[in-house]
Amino acid sequence: MNESNHSGIRKVLSFQSIILILILCSVSLYGFAATAQETEKCSIEGTVKDPLGNVIPGANVLLEELSLIQTTDGEGHFCFPEAPSHPFNLLVTYKGFANEWVKNVEPGSTDVAVVIHPADLRESITVTAATPY
């Protein structure tokens with residue numbers, strides 16, 4: 001092998017090494033961001049489920065006294081970094097479900113379990129048909 005072939009091989013290996021380092025750095029930063037989010041300090045937290053025990057992702061949880069809203073994550077979990085120093089109320093809403101109030105939640109509660117129920121149907125549908133001859 002001549003010197004120009006060795007130079008070309010070194011350039012390819014160098015480029016591949018740079019790409020590998022960039023990928024590893026990206027993965028490391030993503031892992032760090034996910035860990036930081038998971039370790040967020042919650043003054044109040046809990047989970048929203050339906051009557052069958054299925055988690056409800058995307059439900060809105062209102063901390064009434066502070067007018068703060070959090071949306072449940074993919075596991076039905078919500079977290080408020082700050083909460084009043086006295087008992088407070090939470091309102092949970094989700095499309096197709098009845099609103100659910102949780103009254104007199106104690107400050108520092110980290111296991112608020114909320115069950116929301118499907119909303120009552122308020123529509124009636126009338127079907128009429130003529131008798132075929």
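Helices and strands here are DSSP runs, a helix having at least four residues and a strand at least two, and they are numbered from the N terminus. Counted in that way, the protein has one helix and seven strands. The model on screen is predicted, and the tour below should be read with that in mind.

**The whole chain**

Begin with the entire protein in cartoon view and follow it along the sequence, where the elements run in the order α-β-β-β-β-β-β-β. If you then switch on the surface, the accessible area comes to about 10000 Å², and 58% of that area belongs to carbon and sulfur atoms. Of the 133 residues in the protein, 20% are buried. As for contacts with a separation of 6 or more, 43% of them are accounted for by residues that stand 24 or more positions apart.

**First stop: the disulfide**

Select C42 and C79 and show their side chains, since a search of the whole structure finds one disulfide and these two cysteines form it, with their sulfur atoms 1.9 Å apart. Looking along the link, you can check its handedness: the angle about the S-S bond is -110°, and the link of C42 and C79 is left-handed. Which parts of the chain does the pair tie together? C42 lies in the loop between α1 (3-38) and β1, whereas C79 is in strand β4 (residues 77-80), so the disulfide joins parts that are 37 residues apart in sequence. Both ends are covered: C42 counts as buried because its relative accessibility is 9%, and C79 counts as buried because its value is 11%, the cut-off for burial being under 20%.

**Second stop: strand β1 at T47**

Move next to T47, which has its place in strand β1 (residues 44-49). Is T47 buried or partly exposed? With a relative accessible area of 24%, T47 is partly exposed. Now display its surroundings: leaving aside residues up to four places away in sequence, T47 touches V55, E75, G76, H77, F78, V112, A113 and V114. A distance worth drawing is the one between the C-alpha atoms of T47 and T110, which are 63 residues apart along the chain and separated by 9.6 Å.

**Third stop: the aromatic pairs**

One of the residues that T47 touches is F78, and F78 leads to the aromatic rings, of which the structure holds two pairs. In one of them, F78 and F80 are arranged edge-to-face, with 6.2 Å from centre to centre and 65° between the planes. Both F78 and F80 are buried. For the other, select Y94 and F97, whose ring centres are 5.6 Å apart and whose planes stand at 55°, so the pair is tilted. The two partners fall into separate classes of accessibility: Y94 is partly exposed at 32%, while F97 counts as buried at 18%.

**Fourth stop: N89 and its polar contacts**

Centre the view on N89 in strand β5 (residues 88-93), a residue that counts as buried at 12% relative accessibility. Which side chain makes a polar contact with the side chain of N89? The partner is E64, at 3.0 Å. A polar atom of the N89 side chain also lies 3.0 Å from the backbone nitrogen of N104. Not counting residues up to four places away in sequence, the residues that N89 touches are L62, L63, E64, E65, W101, V102, K103 and N104.

**Fifth stop: from E64 to W101 and K103**

Turn to the other end of that contact and select E64, which is placed in the loop between β2 (60-63) and β3 (68-71). In contrast to N89, which is buried, E64 counts as partly exposed at 34% relative accessibility. Beyond residues up to four places away in sequence, E64 touches N89 and W101. The C-alpha atoms of E64 and W101, which are 37 residues apart along the chain, are separated by 10.0 Å. Finish by showing the ring of W101 together with the side chain of K103: K103 lies over the face of W101, at 4.6 Å from the ring centre.

Technical notes
Residues numbered from 1 in each chain as written. Predicted model: local features only at pLDDT ≥ 70, side-chain atom pairs only at ≥ 80, totals over all residues. Heavy atoms only, no water. Phe/Tyr/Trp six-rings, centres within 6.5 Å; stacked < 30°, edge-to-face > 60°. Buried < 20%, exposed > 50% of the residue type's maximum accessible area, 1.4 Å probe, protein only. Lys NZ or Arg CZ within 6 Å of the ring centre and 35° of its normal. Contact = heavy atoms within 4.5 Å. Polar contact = N/O pair within 3.5 Å; in protein donor to acceptor, adjacent residues only side chain to side chain. Areas by Shrake-Rupley, 256 points an atom, 1.4 Å probe, with all protein chains shown as cover. Disulfide = S-S within 2.5 Å.
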